[in-house]
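Reader: I'd love a close look at one part of this model, please. Could you choose a sheet and walk me through its strand pairing and the side-chain contacts around it?

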Amino acid sequence: ENWAPNASEEPDNWSTINFGANPTLSATKTTSSYSGTYAMRIESIETSWGDTMGLVTNGRIGNELEGGMRVYANPMKITGYYKYTPVGLDTALAAGVSFINSVKVDSNFVNLIPTNTYTYFEVPMSYNNWPYIDTFNIAFSSGNIGDSTSYIGLGSVLYIDDVTVVYNPVGTPAEQTAPNHSVFPNPFS
């Protein structure tokens, strides 16, 4: 019969574990940004289902990373800026996972080491231009959820800003500047 109000802001087009927060929220907006007004702050919390984690994804949160954003070309890498304050030996993760018709094609997880200033990161994807994927999942974790034997520190904090997806080049390379040549007759067709 007792109810407690619970309000939080959610980042547009991202899924968080804030629904499982008790009472601390895992993903919050912060003005401690690399550029612009806001960045995302992700903290490892104890969830209502008993895990210690801090997770944000542009897909769905399930047993594995699922879904994501629709893409029409293969991403080459994810780039952005982060700062990270771990508890103990914890490590943060940045991940990219690609899918064709919900079947995982490629994935890469990069550990983000501690830094108290915004630092550039990249998550390279290893496939070439084929097969063409249709969905790309981006995820960030403030604790090392990728390795069940790793230490995950309650209270580890990851800041993420200026996330960009870089795609494999399409088409022909731009013309290079040629040495000075003359053509005869001028004009010609």
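Author: Happy to. One definition helps before we start: two strands count as paired if DSSP finds at least two bridges between them. Please keep in mind that this is a predicted model.

The part I would pick is an open sheet of 5 strands. Its order is β2-β3-β15-β10-β13, and the pairing is antiparallel. Which strands form the edges? They are β2, covering 27-30, and β13, each of which pairs on one side only. On average, neighbouring strands in this sheet are turned by 30° against each other, with direction ignored.

Let's begin at the β2 edge. Here β2 meets strand β3, residues 39-43, in the antiparallel sense, with 4 bridges between them. Within this pairing, Ala27 stands opposite Ile42 of β3. Lys29 adds a side-chain contact in this region: it lies over the face of Tyr38, at 4.4 Å from the ring centre.

Strand β3 also brings us to a charged pair. Arg41 and Glu43 form a salt bridge in which the closest N and O atoms are 3.0 Å apart. Are these two residues buried or partly exposed? The answer differs by residue: Glu43 has a relative accessibility of 17% and counts as buried because that is under 20%, whereas Arg41, at 21%, is partly exposed. The two values fall on either side of the cut-off, so I would read the labels along with the percentages.

Now let's move to the other edge. Strand β10 spans residues 75-85 and strand β13 spans residues 115-124. A salt bridge joins Glu122 and Lys77, and its closest N and O atoms are 3.1 Å apart. Since Glu122 belongs to β13 and Lys77 to β10, this pair ties together parts that are 45 residues apart in sequence. Glu122 is partly exposed, with 32% relative accessibility.

The salt bridge across β10 and β13 is one of 3 found in a search of the whole structure. Besides the Arg41 and Glu43 pair already described, there is one between Arg60 and Glu66, where the closest N and O atoms are 3.9 Å apart. Arg60 is partly exposed at 49% relative accessible area, and Glu66 is partly exposed at 32%.

Aromatic side chains come next. How many aromatic pairs does a search of the whole structure find? There are 6 aromatic pairs. One of them joins Trp14 and Phe140: the ring centres are 6.2 Å apart and the planes meet at 40°, so the pair is tilted. Trp14 sits in the segment before β1, and Phe140 is in strand β14, residues 135-141, so this contact ties together parts that are 126 residues apart in sequence. Trp14 is partly exposed, with 21% relative accessibility, while Phe140 is buried at 1%.

Another aromatic pair takes us back to the sheet. Tyr81 and Tyr120 pair edge-to-face, with 5.5 Å from centre to centre and 65° between the planes. Tyr81 lies in β10 and Tyr120 in β13, so this pair ties together parts that are 39 residues apart in sequence. Tyr120 is partly exposed, with a relative accessible area of 41%. So β10 and β13 are linked by side chains through both the Glu122 and Lys77 salt bridge and the Tyr81 and Tyr120 ring pair.

There is also a wider aromatic grouping. Trp14, Tyr82, Phe121 and Phe140 make up one aromatic cluster. Two members bring us back to this edge of the sheet, as residue 82 falls within the range of β10 and residue 121 within that of β13. Finally, Lys83 has its charged end over the ring of Tyr159, 4.9 Å from the ring centre.

To retrace the route, we started with the antiparallel pairing of β2 and β3, then passed the Arg41 and Glu43 salt bridge. From there we crossed to β10 and β13, where Glu122 reaches Lys77 and Tyr81 pairs with Tyr120.

Technical notes
Residues numbered from 1 in each chain as written. Predicted model: local features only at pLDDT ≥ 70, side-chain atom pairs only at ≥ 80, totals over all residues. Heavy atoms only, no water. Salt bridge = Lys/Arg side-chain N within 4 Å of Asp/Glu carboxyl O. Buried < 20%, exposed > 50% of the residue type's maximum accessible area, 1.4 Å probe, protein only. Phe/Tyr/Trp six-rings, centres within 6.5 Å; stacked < 30°, edge-to-face > 60°. Lys NZ or Arg CZ within 6 Å of the ring centre and 35° of its normal. Axes fitted to C-alpha atoms, helices over the stretch in contact; angles between N-to-C directions.
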